[in-house]
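Here is a walk through one protein chain, taken a stop at a time. Keep the viewer open and follow along.

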Amino acid sequence: MGEWVRSERQGNVAVLTLNRPDALNALDRAMLLGIGEAVAAVAEDDGVRALVLTGEGRAFAAGADIAEMRKLDSTGAALFSKLGHETFAALEELRIPTLAAVNGFALGGGCELALACDWIYASEKARFGQPEVALGLIPGFGGTSRLVRRVGVAWAKELVLSGDPIRADDALRIGLANRVFPAEELMPKALAAGESAASRGPLAV
């Protein structure tokens, strides 16, 4: 899965950490492939009963890698979008509970990645948004559909059409985040939630 995604086990919980902090864990092709490989490995491991996804450093994921996207022609852009959709769909379709522990920026593709998880815990430092409209783009990795299901049509329209980010407390208020914690409590709380889900009857879950 390469250097961009770190995979660990804590009991029956798999922890995937996006590990490109110097680029705020921006989602380039290598990162998407790494996430896909890590998710595939989890899917094949019967000992894993929950998954926690987080980011190293100041960001969960600050979005798709704009520097890489600028180099793409129309065919390359379509393939990049397809890869993002396939990767996030594989995460969404895992047969175990998945939890995004959003430690910082979750913008654009990063917000869409969190939305592909079953639920979201956020640090007080987290920021969520779909800023693609400022670049003349639309959310390209499923955000327009998953966001509507999570927060409803009106809030999804405001986030997508304004492009403005929101704070963790606002994400909690509109139902984008399930819970918000001080930064130092985020991972312990996320792991505890994962362990709780992992302890339940696996077929029922």
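**Starting at Arg 146**

Set aside residues up to four places away in sequence, and Arg 146 touches Phe 88, Ala 89, Glu 92, Leu 115, Ala 116 and Phe 141, where contact means heavy atoms within 4.5 Å. Before going further, a word on the ground rules: this is a predicted model, local features need pLDDT of at least 70, side-chain atom pairs count only at pLDDT 80 or more, and totals for chains, interfaces and linings use all residues. Residues are numbered from 1 along each chain as its sequence is written, and side-chain values use heavy atoms, with hydrogens and water left out.

Arg 146 has its place in helix H5; helices (H or I, at least four residues) and strands (E, at least two) are DSSP runs, numbered from the N terminus. With a relative accessible area of 9%, Arg 146 is buried. The scale here runs from buried (under 20% relative accessible area) through partly exposed to exposed (over 50%), using a 1.4 Å probe and protein chains only. What does the Arg 146 side chain do with Glu 92? Their side chains are joined by a polar contact of 3.0 Å. That term covers a pair of N or O atoms within 3.5 Å; within protein, one must be able to donate a hydrogen and the other to accept it, and residues adjacent in sequence count only if both atoms are side-chain atoms.

**The aromatic neighbours**

Two of those partners of Arg 146, Phe 88 and Phe 141, deserve a stop of their own. Searching the whole structure turns up three aromatic pairs. Rings of Phe, Tyr and Trp (its six-membered ring) pair if their centres lie within 6.5 Å; planes under 30 degrees apart count as stacked, over 60 as edge-to-face and the rest as tilted. The Phe 88 and Phe 141 rings have centres 5.4 Å apart and planes at 75°, so this pair is edge-to-face. It links distant parts of the chain, 53 residues apart: Phe 88 is in helix H3 (residues 74-92), while Phe 141 is in the loop between strand E8 (127-129) and helix H5 (143-151). Phe 88 counts as buried because its relative accessibility is 0%, and Phe 141 counts as buried at 5%. Ring pairs also bring in Phe 80, making a cluster of Phe 80, Phe 88 and Phe 141.

**Into the core**

A nonpolar core is a set of buried Ala, Val, Leu, Ile, Met, Phe, Trp, Tyr and Cys residues joined through side-chain atoms within 4.5 Å. The largest one has 48 residues, and those touching the most other members are Leu 53, Phe 60, Leu 91, Val 102, Leu 113, Phe 128 and Leu 176. Helix H1 supplies the largest share of this core, six residues. Apart from it lies another core, of 13 residues, including Ala 50, Val 52, Ala 101 and Tyr 121. Back in the largest core, Leu 176 is in contact with residues including Leu 115, Phe 128, Leu 147 and Arg 150, leaving aside its neighbours within four places in sequence.

What about disulfides? The structure holds zero of them, a disulfide being a pair of cysteine sulfur atoms within 2.5 Å. For Cys 111, the nearest cysteine sulfur is that of Cys 117, 11 Å away. Cys 111 is buried, at 2% relative accessible area, and Cys 117 is buried too, at 3%.

**The loop before H1**

Now move to the loop between strand E2 (13-18) and helix H1 (29-44), where Arg 20 is found. Is Arg 20 buried or exposed? At 15% relative accessibility, Arg 20 counts as buried. Arg 20 lies over the face of Trp 4, at 5.4 Å from the ring centre; a charge sits over a ring if NZ of Lys or CZ of Arg is within 6 Å of the ring centre and within 35 degrees of the ring normal. The Arg 20 side chain also reaches the backbone oxygen of Ala 26 at 3.1 Å.

Most residues other than glycine have a negative phi. In this loop, Leu 24 has a positive phi, near 55°, and Asn 25 also has a positive phi, near 55°. Leu 24 is partly exposed, with a relative accessible area of 22%, whereas Asn 25 is buried, at 0% relative accessibility.
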